[in-house]
Amino acid sequence: MDGPSKEEEEDSTFTNISLADDIDQSPRILYPRSKSLLPKMMNADMDAVDAENQVELEEKTRLINQVLELQHTLEDLSARVDAVKEENLKLKSENQVLGQYIENLMSASSVFQTTDTKSKRK
């Protein structure tokens, strides 16, 4: 026998699915299978899935880079806020010292002394 036997041809055209759960062990049911169409469909599906995965991967990478950039920006802004707070406290302290100094000068000077306006009018 040079060519495939009748059973081999049948096996290559149909897929045998066993129904082992059947109590009576009925004969196997044969479902037709297209040999040439299935791999082509699988390749096309795989290409579509690969392209979709590639797009998703690029999108994830872009989003991760964007998040990292935003984190660095937030760190920079936080450091700047801390520096401004420090400078603000320093300036408040200096303003208090200057305000006290000005008050002391005004109280020591006769120009800024309060006068009794009622006594002068009489």
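**A salt bridge and surface patches along helix α2**

Glu59 and Arg62 lie three residues apart in helix α2, and are therefore separated by about one helical turn. In this predicted model, the side chains of Glu59 and Arg62 meet in a salt bridge, with a distance of 2.8 Å from N to O. Side chains of opposite charge can pair when their charged atoms come close. Both partners of the pair retain some accessibility: Glu59 counts as partly exposed at 36% relative accessibility, and Arg62, at 44% relative accessibility, is likewise partly exposed. Under the criterion applied here, which asks for a side-chain nitrogen of Lys or Arg within 4 Å of a carboxyl oxygen of Asp or Glu, the count comes to one salt bridge.

The protein chain comprises three helices and two strands, and these elements follow one another from the N terminus in the order α-β-β-α-α. Helix α2 covers residues 37–108. For residues 60–94, the UniProt record, an unreviewed entry, gives the feature "coiled-coil region". In the model, the span of residues 60–94 is 100% helix and 0% strand, and the C-alpha atoms at its two ends lie 51 Å apart.

With regard to solvent accessibility, 0% of the 122 residues of the protein chain count as buried, a class that requires a relative accessible area under 20%. The accessible surface of the protein chain amounts to about 11,800 Å², and carbon and sulfur atoms contribute 57% of this area.

Two surface patches, one charged and one nonpolar, were examined together with a member residue of each. A patch of negative charge is formed on the surface by Asp82, Glu86, Glu87 and Glu94. Of these residues, Glu94 is placed in helix α2, and its relative accessible area of 39% makes Glu94 partly exposed. Because patch members must have over 30% relative accessible area, the value of 39% computed for Glu94 satisfies this part of the criterion.

The nonpolar patch has an area of about 640 Å² and is made by Tyr101, Ile102, Leu105, Met106, Val111 and Phe112. Ile102, one of the residues in this patch, is found in helix α2. With a relative accessibility of 45%, Ile102 counts as partly exposed, and this value likewise lies above the 30% that patch membership requires.

Note on methods: Residues numbered from 1 in each chain as written. Predicted model: local features only at pLDDT ≥ 70, side-chain atom pairs only at ≥ 80, totals over all residues. Heavy atoms only, no water. UniProt positions renumbered as here; feature names shortened; annotations may be inferred. Helix = DSSP H or I, 4+ residues; strand = E, 2+ residues; numbered from the N terminus. Buried < 20%, exposed > 50% of the residue type's maximum accessible area, 1.4 Å probe, protein only. Areas by Shrake-Rupley, 256 points an atom, 1.4 Å probe, with all protein chains shown as cover. Patch = residues over 30% accessible without salt bridge, like charges linked within 9 Å, V, L, I, M, F, W, Y side chains within 5 Å. Lys, Arg positive; Asp, Glu negative; His and termini not counted. Charge placed at Lys NZ, Arg CZ, Asp CG, Glu CD.
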